[in-house]
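Colleague: I'd like to learn how to read salt bridges in a model. Can you walk me through it?

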Amino acid sequence: MSSSEYAPVVDALRARVQAGLSMDEAIVVLQEQGVPIVPSMKVVIDLFGVSLDEAKQRVAGHPVWAGMRGASEPLHDALELLADAMKGQPFRKPHLYRVVVTALFPLLGLKPIAEDWSGMDAVLPLLERMRQDGAVVMVKWDGERKAPGDAPPYTVLASVPGRPELFFRADLPVLEDALARVVVEYAVKVWNP
């Protein structure tokens, strides 16, 4: 569900909140209407004026999301590991980014993909979500990078115009690893699951 798809739900909730609907009741409505957990957090921030931390605690901690919490705990742990790694240097095991990408799909309310995903088509829903956020994503196949010492042939870039801190780049010998690295680093900084 994109933000435009759940806008009618949010508009209806806004009126109900003004009429006294509690945050807990709103969280139930959001979940019942199919709004994924991360967008639900954003809606709670908007409707109730709470901080991101409080929205995460209230939404993710709500009983209606108990199944999602259990399913996403390995992803959360992996993202924390990656976030810690990104504070210093890029993560040195590119294949672990691919594992995290697989776990992002259900966390964001998307249809899960196979753990052994390959090709760009598999991650198009995540790239589309990034585009909806305002990000520009580019993928480069560089046929001139053939000589020893050249940079790897696959480059993936993502940036959010006007936000220089949101620039992500990966130059790697495997396309899927480059895609996964940029998507995960973006997820950690922007979606903050």
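Modeller: Sure, let's go through the salt bridges here, keeping in mind that this is a predicted model.

Colleague: How do I decide what counts, and how many salt bridges does the whole structure have?

Modeller: The general idea is a cut-off: a side-chain nitrogen of Lys or Arg within 4 Å of a carboxyl oxygen of Asp or Glu. Searching the whole structure turns up ten salt bridges.

Colleague: Okay, which residue does Asp 24 pair with?

Modeller: With Arg 58, and the closest N and O atoms are 3.4 Å apart. Asp 24 sits in helix 2 and Arg 58 in helix 4, so this pair ties together parts that are 34 residues apart in sequence.

Colleague: Is Arg 58 buried or partly exposed?

Modeller: Arg 58 is partly exposed, at 29% relative accessible area. Its partner Asp 24 is partly exposed too, at 35%.

Colleague: And what about Glu 54 and Arg 58?

Modeller: Their side chains also form a salt bridge, at 3.7 Å from N to O. Both residues belong to helix 4, four residues apart, which is about one turn. Glu 54 has a relative accessible area of 30%, so it's partly exposed.

Colleague: Where do Arg 181 and Glu 185 lie?

Modeller: In helix 8 (residues 175–191), again about one helical turn from each other. Their side chains meet at 3.2 Å, N to O. Arg 181 and Glu 185 are both buried.

Colleague: Which residues are linked in a network of salt bridges?

Modeller: Lys 140, Asp 142, Arg 145, Arg 169 and Asp 171 make up that network.

Conventions: Residues are numbered from 1 along each chain as its sequence is written. This is a predicted model: local features need pLDDT of at least 70, side-chain atom pairs count only at pLDDT 80 or more; totals for chains, interfaces and linings use all residues. Side-chain values use heavy atoms; hydrogens and water are left out. Helices (H or I, at least four residues) and strands (E, at least two) are DSSP runs, numbered from the N terminus. Buried means under 20% relative accessible area, exposed over 50%, partly exposed in between (1.4 Å probe, protein chains only).
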